[in-house]
Amino acid sequence: MLDFAIFAVTFLLALVGAVLYLYPASRQAAGIPGITPTEEKDGNLPDIVNSGSLHEFLVNLHERYGPVVSFWFGRRLVVSLGTVDVLKQHINPNKTSDPFETMLKSLLRYQSGGGSVSENHMRKKLYENGVTNSLKSNFALLLKLSEELLDKWLSYPETQHVPLSQHMLGFAMKSVTQMVMGSTFEDDQEVIRFQKNHGTICIFTYFQVWSEIGKGFLDGSLDKNTTRKKQYEDALMQLESVLRNIIKERKGRNFSQYIFIDSLVQGNLNDQQILEDSMIFSLASCIITAKLCTWAICFLTTSEEVQKKLYEEINQVFGNGPVTPEKIEQLRYCQHVLCETVRTAKLTPVSAQLQDIEGKIDQFIIPRETLVLYALGVVLQDPNTWPSPHKFDPDRFDDELVMKTFSSLGFSGTQECPELRFAYMVTSVLLSVLVKRLHLLSVEGQVIETKYELVTSSREEAWITVSKRY
């Protein structure tokens, strides 16, 4: 399983450090085009830092050297793939490993997982069932939260600037926590506490990677920042305590509300596996849902024609009737809007796989135990695959071949990660509620700069205004 959810520069570099620490060094570049190490010890880490992000570094590298490139992380060789064609040569659709899960478990010091192929397939099925059943059981809740946000925005004067990123993070936190972990998070104070702890964990991992990645993962110096580490450990301990209580409560009992954790509880997993999988899914789903909602609305505010077409589809499908799961599935254009949002925003710009055995891409030999990056942000902006790649154009997904290509990258279809599938449904419901009643408008003169971190986000707050349709 290729899960391409929220796997960008901060966590990816952590994975690089954690994985390569376990494997012997290789100085053999195997004839792959690329750059030599800038420094003997750090390799090309200074170049990555100077570029601003790993994604921006890879964009420049692929522009200079082509679809298959190499660089050095410390004394280890890293290979990056930057076109659909070379990615298809490397992707194994039957492989069930989740690089994002592997990376998060390394950062959180978790140990379980990494079982046999059959065990991984079983856990994938539990995830799929958890997403399907939690969305179905909690659809009324999701609709209620969407309508609450609509009512808030309807109360604003048309000149008021709305802090979009802030509102979408709050909406995602409320939605995800209740649908994944249940009624504990009906209390707004619990949601606020979760959001604070979530942010602490993300900030700590970002600090870990960028401040000391060149030495911290290799000599343990990350542990020396005791204040920040203590904040991180306290946040993680609080989240784990909440999850343990929920797991204990859900075991052996039936509830009218089905939540994601129920699927794991009912599976053949021990308590530690349930805890770890619940933690990872919760952290990932919150951030990717928030960013998908934010970018979708941002693009709608800057494309009047797209927003008009989406409004017309919503009216045609729902009419004066209620928003239902069955009708949400009929929103074909809305699906295209979200796919184009993921593509244009480069929502998850990088993923990775460890080369288990010696492999070959085009004419290049990739040595065993080389970390292979999937430069998805590069691939999603390749003009040879996506004509006018910087244009926000959902109509491009009317072409079945385009959708098939998108699916092969793990952004839809059978390879779609559960967190992204979850985010698609949440965002579809929210857009159906908002666009039916509101014009979503950009703030004149605002320039939204992109930041490539945990997932792609705006560097500053994204502001919008709204006006009533009726």
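These are my notes on one arginine, the cysteines and one helix in a predicted model.

**Entry 1: Arg250**

I looked up Arg250 and found it in helix 11, which covers residues 226–250. I then checked whether Arg250 is buried or exposed. Arg250 has a relative accessible area of 5%, so I wrote it down as buried.

Next I asked what the side chain reaches. It comes to 2.7 Å from the backbone oxygen of Gln257. The side chains of Arg250 and Asp262 are also joined by a polar contact, again listed at 2.7 Å. Leaving aside residues up to four places away in sequence, I listed the residues that Arg250 touches as Phe255, Gln257, Tyr258, Ile259, Asp262 and Val265.

**Entry 2: cysteines**

I counted disulfides and got zero. I took Cys339 as a case to follow up. The closest cysteine sulfur to that of Cys339 belongs to Cys334 and lies 9.8 Å away; this is too far for a bond, because a disulfide needs the two sulfur atoms within 2.5 Å.

I also looked up accessibility. Cys339 is buried, at 2% relative accessible area. Cys293 is buried too, with a relative accessibility of 1%.

**Entry 3: helix 19**

I checked the length of helix 19, residues 418–437. Its 20 residues, at 1.5 Å a residue, should span 28 Å, and I have its end C-alpha atoms 30 Å apart, which agrees.

How many residues of helix 19 are buried? I noted 18 of the 20, so the helix is largely enclosed by the rest of the structure.

Terms used:
Residues numbered from 1 in each chain as written. Predicted model: local features only at pLDDT ≥ 70, side-chain atom pairs only at ≥ 80, totals over all residues. Heavy atoms only, no water. Helix = DSSP H or I, 4+ residues; strand = E, 2+ residues; numbered from the N terminus. Buried < 20%, exposed > 50% of the residue type's maximum accessible area, 1.4 Å probe, protein only. Polar contact = N/O pair within 3.5 Å; in protein donor to acceptor, adjacent residues only side chain to side chain. Contact = heavy atoms within 4.5 Å. Expected span 1.5 Å × (residues − 1).
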